[in-house]
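Biologist: I should like to learn how to read the features of a structure. May we look at one together?

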Amino acid sequence: MNTRGNDENKKAIEALYKEYRDIIYLKIKSQCFSKKQEDIEDCISQTFFIALENGEELKVHPNPKAYLLKTAANVTRNFNHKYNKDLLKTKPIDDDIISPVSVEEQVDEKMTEEKIYRKNIYRNIMNGLTPEQRELYFLYFMEEKSSAEIASLMNEKSGTIRMRISRLRFSIINKMKDLLK
């Protein structure tokens, strides 16, 4: 085992940690379903631990910041997947009587689990949008205003609004693809 190489890797990771910790924190915080600080810190630690384990790969990577951000996104996605599973597993238990569950209740329970899962995905996507994108999303998709109406509200050209809607739609689709991997 080469301890000198490990020490060099640790020093390199420490330097990267000092340089990129804040941006990694913001990335994870914006994508993490749990808003608990300790969960976010765990994801940050895991990101830099993976970077330390893959020190040689990181050394030759042309853009260490991009490598760390991609690692952080993967760590957060894995955390969110586990978080959703754990959230769905926690069910209150009646200690007095456990009665048989009817088919209707099972369907209702499954629908509730699906609603929770969808709500978490929706929240994560909305948290990843800028305030301007959220406003545009609300006006176009929720209030069903036309691009011309939005343009007049925002004092913009209709073509500009149509382009922003197109970019917003593309951004949401990409975020959904990332979340559902």
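**Reading a residue, its cores and a helix crossing**

Modeller: Thr-47 touches Ile-24, Ile-28, Leu-68, Thr-71, Ala-72 and Val-75, leaving out residues up to four places away in sequence. Please bear in mind that this is a predicted model.

Biologist: Where does Thr-47 lie, and is Thr-47 buried or exposed?

Modeller: Thr-47 belongs to helix 2, which covers residues 37–53. A residue counts as buried under 20% relative accessible area. Thr-47 has 0% relative accessibility and therefore counts as buried.

Biologist: How should one read a nonpolar core, and which residues have the most contacts inside the largest one?

Modeller: In soluble globular proteins, nonpolar side chains tend to be buried together. Here the largest nonpolar core has 18 residues, and Ile-24, Ile-28, Ile-44 and Leu-68 have the most contacts inside it. Helix 1 (3–31), helix 2 and helix 4 (64–89) each supply at least two residues of this core. Its largest share, 6 residues, comes from helix 1.

Biologist: What does Leu-68 contact beyond its neighbours within four places in sequence?

Modeller: Leu-68 is in contact with Leu-16, Tyr-20, Ile-24, Thr-47, Phe-48 and Ala-51. Another core, of 15 residues, lies apart from the largest one and includes Phe-33, Leu-129, Leu-139 and Ile-161.

Biologist: At what angle do the axes of helix 6 and helix 8 cross?

Modeller: The axes of helix 6 (residues 131–142) and helix 8 (residues 158–179) cross at roughly 100° and come within 10 Å. Angles of 65 to 115 degrees count as roughly perpendicular, so helix 6 is roughly perpendicular to helix 8. By class, their contact has 8 nonpolar, 2 polar and 2 charged residues.

Notes: Residues are numbered from 1 along each chain as its sequence is written. This is a predicted model: local features need pLDDT of at least 70, side-chain atom pairs count only at pLDDT 80 or more; totals for chains, interfaces and linings use all residues. Side-chain values use heavy atoms; hydrogens and water are left out. Helices (H or I, at least four residues) and strands (E, at least two) are DSSP runs, numbered from the N terminus. Buried means under 20% relative accessible area, exposed over 50%, partly exposed in between (1.4 Å probe, protein chains only). Contact means heavy atoms within 4.5 Å. A nonpolar core is a set of buried Ala, Val, Leu, Ile, Met, Phe, Trp, Tyr and Cys residues joined through side-chain atoms within 4.5 Å. Axes are lines fitted to C-alpha atoms, for helices over the stretch in contact, and angles run from 0 to 180 degrees between N-to-C directions. Angles under 35 degrees count as roughly parallel, over 145 as roughly antiparallel, 65 to 115 as roughly perpendicular and the rest as oblique. Ala, Val, Leu, Ile, Met, Phe, Trp, Tyr, Cys and Pro count as nonpolar, Asp, Glu, Lys and Arg as charged, and the others, Gly among them, as polar.
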